[in-house]
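Please walk through the model below, starting with its aromatic rings and ending at a single serine.

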Amino acid sequence: ASLQPLWKQVEGFTEAIYPIMQNSADGVHLICYSQGGLVCRGILSTLPDHNVHSFISLSSPQAGQYGDTDYLKYLFPQFVKSNLYHVCYTAVGQKISICNYWNDPHHRDMYINSSDYLALLNNERANPNSTAWKQNFLHIEKLVLIGGADDGVITPWQSSQFGFYDENETVVEMKNQKVFLMDFFGLKTLYARGDLVLCSMAGVAHVFWHSNETVYKTCIEKWLT
């Protein structure tokens with residue numbers, strides 16, 4: 001089910017979460033792990049009356065993914081990162097969740113024109129809903145972005161904090177990314193409000209982010225008030 005297109009997952013999770021929101025007068029917190037962080041962003045952008053207080057993105061490829069991790073080798077054994085765009089940037093490829101956020105820095109134009117999810121969510125491609133989506137996203141009171149260099153899956157790991165590769169595969173940090181500088185979907189606004197928190201942790205592998213007590217106490221617990 002996790003390979004279903006992300007918009008389909010957004011629809012399903014919205015149906016599950018929305019009744020909880022309606023029954024929570026004081027608002028809710030979202031802690032969203034890995035690919036789930038992108039699903040939660042889709043919910044926050046498209047649901048106009050959500051009441052999310054804190055959105056905690058836990059080791060999620062928010063700026064995309066570009067790396068030969070084990071799960072990609074399992075799904076696409078005949079491909080490596082340099083040629084996966086041949087699959088992902090097609091109509092068929094976009095029916096697979098991973099391809100919805102595959103961000104090849106050597107084929108930026110293809111990513112922007114072909115990505116049916118991340119490029120739209122980031123407002124990197126013209127989208128008639130972009131203004132409304134930005135307003136919806138900015139209803140949150142706190143955005144906490146958690147990641148670390150020992151993740152081992154999210155590539156580059158800085159994607160968990162909206163950093164990403166340039167065409168030379170050099171990581172450009174969030175504050176120098178166009179989506180931040182141009183405030184495409186609200187990152188710069190959250191930063192200016194003081195509502196954007198970056199928490200970097202060393203020594204945590206991707207499969208343990210969701211169950212690591214040190215991560216919880218260091219990066220999460222204080223925001224759940």
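In this predicted model, the count of aromatic pairs comes to eight. One of them joins Tyr 66 and Tyr 165, whose ring centres are 6.2 Å apart and whose planes meet at 85 degrees. The arrangement is edge-to-face, because an angle over 60 degrees counts as such. The two tyrosines come from distant parts of the chain, 99 residues apart. Tyr 66 is in the loop between β2 (52-58) and α3 (70-75), whereas Tyr 165 belongs to strand β4. Both Tyr 66 and Tyr 165 are buried. Ring pairs also bring in Trp 102 and Phe 164, which form a cluster with Tyr 66 and Tyr 165.

Another ring has a charged partner. Arg 41 lies over the face of Phe 185, with 4.3 Å to the ring centre.

The loop that leads into β4 (164-165) starts from β3 (142-147), and Ser 160 is placed in it. Is Ser 160 buried or exposed? Its relative accessibility is 1%, so Ser 160 counts as buried; the cut-off for that class is under 20%.

What does Ser 160 touch, apart from its neighbours within four places in sequence? Its contacts are Ser 59, Ser 60 and Gln 62, together with Leu 145, Ile 146, Gly 147 and Ile 154. The side chain of Ser 160 also reaches the backbone oxygen of Trp 157, at 2.7 Å. As for Leu 187, 27 residues separate this leucine from Ser 160 in sequence, and their C-alpha atoms are 13 Å apart in space.

Conventions
Residues are numbered from 1 along each chain as its sequence is written. This is a predicted model: local features need pLDDT of at least 70, side-chain atom pairs count only at pLDDT 80 or more; totals for chains, interfaces and linings use all residues. Side-chain values use heavy atoms; hydrogens and water are left out. Helices (H or I, at least four residues) and strands (E, at least two) are DSSP runs, numbered from the N terminus. Buried means under 20% relative accessible area, exposed over 50%, partly exposed in between (1.4 Å probe, protein chains only). Contact means heavy atoms within 4.5 Å. A polar contact is a pair of N or O atoms within 3.5 Å; within protein, one must be able to donate a hydrogen and the other to accept it, and residues adjacent in sequence count only if both atoms are side-chain atoms. Rings of Phe, Tyr and Trp (its six-membered ring) pair if their centres lie within 6.5 Å; planes under 30 degrees apart count as stacked, over 60 as edge-to-face and the rest as tilted. A charge sits over a ring if NZ of Lys or CZ of Arg is within 6 Å of the ring centre and within 35 degrees of the ring normal.
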